[in-house]
Amino acid sequence: MVQEVIQMPYEALDFYDIDRMLTEEEIMLRDMVRDWVDEKVIPNIEDAYNGGYFPDEWIRDLGEMGVLGMVIPEDYGCAGMSYTAYGVVCRELERGDSGLRSFCSVQGSLSMHPIHKFGTEEQKQKYLPGMATGEIIGCFGLTEPDYGSNPGGMVTKAEKVEGGYILNGAKMWITNGTIADLAIVWAKLDGVIRGFIVEKDDEGFTAPEQKGKHSLRASVTSELVLQDVFVPEDRYLPGAKGLGGPFSCLNRARYGIAWGSLGSAQACFDAAKNYAMDRIQFDHPIAAYQLIQMKLATMLREITKGQLLAYHLGRRVDEDDWFPEMVSLAKMNNVDIALEIARVARDIHGANGVTDEYPIMRHMNNLESVKTYEGTHDIHNLILARHITGIQSFTRKL
Ligand code: TGC
Ligand code: FAD
């Protein structure tokens, strides 16, 4: 007899009742985003993932919920909320799909933040309110074909000319590139990394989509090609100088991933628990067998530790009492445990785990990208090890 597949409503794992420490406002936001993910994302995500697109209506809804650039002060049409609230939103979105959290990370932390932190007052007034509603979409061009983990080696160049700059180069793996109205492009001007706002219709600028991903399929990924692109002076970000510019953005996006990856992990745990209770083998639910029980207990243990890490880091960031290595640890750990949990959940689902009737394999495939972008797992290990030893091991003379 074929057993019927019944999808149970999502039950968020919170073993230590950590959400009790959230404010009333943060709880309201959590519930709003959680309900939206249940109503709008879960029923449609497999279609978007299989079709390889990011639905337009999600962008409008994210804007309406006020989660785009939500930590930026209200003067620019943003919500001015806490970093902990932003983390909670990332967690709830990524429970739906990593592509959703990616969209928010890129829009808020990687596109709006550099304009807010490094831009002029005119640039902030011009772009931020439209970006907060989702009417203007941004992307972040740091990685190049030959410079991924080592962005300091980038070859994209800016040259000063009358009234502005000429940009030449190429960026690769850029989330939202093809659908973006503007790109924050990092390029070397007289050998120093600087930031520029390139608009989609600038002559010489194209953003072809990179197809063929087996991961993050409900997210647009693109090349950015810059051939003698003229960027006027008023689209130069005067406050950013050196790698510290893009890294200021990355700290915030990596922080969001530390929370977001827990959403994927929680989705996989929830599905695995339900499946194990329902699936009968050898006359009993598989949840009755000790090996399955150990796997579920290990998932709960790792998720709970990850939640404590994310919550504590969130409050430290809210108090502005943090340093980047703290973010590296949380990003690296929480993505790592989420990926392992997704793999074990896939195992618990047996053959069903490889189908799109369950969210497992999609989360697992997404997390392979999340492990790599915003600094690979190993790069974050090296960042931590440099903090411990004072010795940097990124470059070696052969
Ligand atoms: P290093 O010598 O370490 O530093 C150069 C300058 O940068 C400063 N800096 C930081 N500032 C703020 N926050 C941080 N986290 C910082 N890390 C470094 C540093 O103080 C120094 O400043 P100054 O003034 O002294 O010049 O630079 P390095 O070239 O040795 O870097 C090494 C390394 C490996 C740590 C770094 O390059 C790295 O983290 N690589 C990973 C690259 C990466 O994360 N790329 C992400 C691309 S964007 C993306 O993936 C978006 S995905 C979005 C989505 O879809 O969700
Ligand atoms: P490499 O740097 O070539 O690394 C390959 C392997 O070598 C990794 O295992 C790495 O850990 C290891 N390695 C590298 N250096 C060292 C070392 N010194 N010591 C030990 N091991 C090392 N970038 C953007 O700028 N904007 C975006 O919006 C963006 N979105 C992305 C979306 C997706 C879906 C993906 C997959 C990537 C995205 N990226 C984006 C790019 C991402 O940040 C890079 O892929 C990442 O930084 C790693 O660079 P790489 O792929 O070139 O790998």
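This tour moves through a predicted model, stop by stop, with a selection to make at each.

**Stop 1: Arg 254 in helix 7**

Begin by selecting residues 244-278, which form helix 7, and centre the view on Arg 254 within that helix. Arg 254 is buried but takes part in no salt bridge. Its nearest side chain of opposite charge belongs to Glu 374, at 4.5 Å, whereas a salt bridge requires a nitrogen and a carboxyl oxygen within 4 Å. Next, display the contacts of Arg 254: beyond residues up to four places away in sequence, Arg 254 touches Phe 247, Val 327, Lys 331, Glu 374, Gly 375, His 380 and Ile 383.

**Stop 2: helix 11**

Two of those contacts, His 380 and Ile 383, lead to the next selection, residues 377-389, which make up helix 11. Helix 11 has 13 residues, and the distance from its first C-alpha to its last is 18 Å, close to the 18 Å expected at 1.5 Å a residue. Which residues of helix 11 are buried? Colour His 377, Ile 379, His 380, Ile 383 and Leu 384 to see them. These buried residues pack against helix 7, helix 9 (324-348) and helix 10 (360-372). Follow the chain onward to Gly 390, which comes after helix 11 and has a positive phi, near 80°.

**Stop 3: the largest pocket**

Now turn on a surface and look for the largest pocket, whose volume is about 1,100 Å³. Its lining comprises 41 residues, and those nearest its centre are Thr 143, Gly 148, Tyr 373, Glu 374 and Gly 375. Helix 5 (98-118), strand 3 (164-175), helix 7, helix 9, helix 10 and helix 11 are the elements that each give two or more residues to this lining. Select helix 5 to see the leading contributor, with five residues. Glu 374 and Gly 375 are thus a link between stops: they lie among the residues nearest the centre of the pocket, and both are touched by Arg 254.

**Stop 4: the cavity**

How many cavities of 30 Å³ or more are there? The count is one, and the volume of this largest cavity is about 40 Å³. To find the cavity, select the residues that line it: Tyr 83, Asn 251, Arg 252, Tyr 255, Val 317, Trp 322 and Val 327. Helix 7 supplies the largest share of this lining, three residues. Val 327 also appeared at the first stop, as a contact of Arg 254.

**Stop 5: salt bridges**

The structure holds 28 salt bridges, of which a few merit a closer view.

- Select Glu 233 and Lys 160, whose side chains meet at 2.9 Å, N to O. Glu 233 is in the loop between strand 7 (221-232) and strand 8 (236-237), and Lys 160 is in strand 2 (residues 157-161), so that the pair links distant parts of the chain, 73 residues apart. Glu 233 is partly exposed at 36% relative accessibility, and Lys 160 is partly exposed at 45%.
- Select Arg 235 and Asp 202, paired at 2.8 Å, N to O. Arg 235 lies in the loop between strand 7 and strand 8, and Asp 202 in the loop between strand 5 (192-199) and strand 6 (205-206), so this salt bridge ties together parts 33 residues apart in sequence. Arg 235 is buried, at 7% relative accessibility, and Asp 202 is buried too, at 12%.
- Select Glu 302 and Lys 305, whose closest N and O atoms are 3.1 Å apart. Both lie in helix 8 (residues 290-318), three residues apart, about one turn of the helix. Glu 302 is buried, with a relative accessible area of 15%, while Lys 305 is partly exposed at 46%.
- Salt bridges with shared partners join Asp 19, Arg 30, Asp 31, Arg 34, Arg 91 and Glu 92 into one network, best displayed together.

**Stop 6: two loop residues**

Select Glu 357, in the loop between helix 9 and helix 10. Glu 357 is partly exposed, with a relative accessible area of 44%. Add Glu 46 to the selection: the two residues are 311 residues apart in sequence, yet their C-alpha atoms are 8.5 Å apart in space.

Finish at Tyr 53, in the loop between helix 2 (45-51) and helix 3 (56-65). Tyr 53 is partly exposed, at 34% relative accessible area. Apart from neighbours within four places in sequence, its contacts are Asp 47, Ala 48, Arg 217 and Ala 218. Between the C-alpha atoms of Tyr 53 and Leu 13, 40 residues apart along the chain, the distance is 29 Å.

How values were computed
Residues are numbered from 1 along each chain as its sequence is written. Chains are lettered from A and ligands numbered from 1 in the order in which they are written. This is a predicted model: local features need pLDDT of at least 70, side-chain atom pairs count only at pLDDT 80 or more; totals for chains, interfaces and linings use all residues. Side-chain values use heavy atoms; hydrogens and water are left out. Helices (H or I, at least four residues) and strands (E, at least two) are DSSP runs, numbered from the N terminus. Buried means under 20% relative accessible area, exposed over 50%, partly exposed in between (1.4 Å probe, protein chains only). Lys and Arg count as positive and Asp and Glu as negative; His and the chain ends are not counted. Contact means heavy atoms within 4.5 Å. The expected span of a helix is 1.5 Å times one less than its number of residues. On a 1 Å grid over the protein atoms alone, a cavity is a set of points where a 1.4 Å probe fits but cannot get out, and a pocket is an open set with protein on both sides within 12 Å along at least five of seven lines; lining residues have an atom within 4 Å of a point. Grid points are joined across faces, edges and corners, and a volume is the space filled by probe spheres set on the points.
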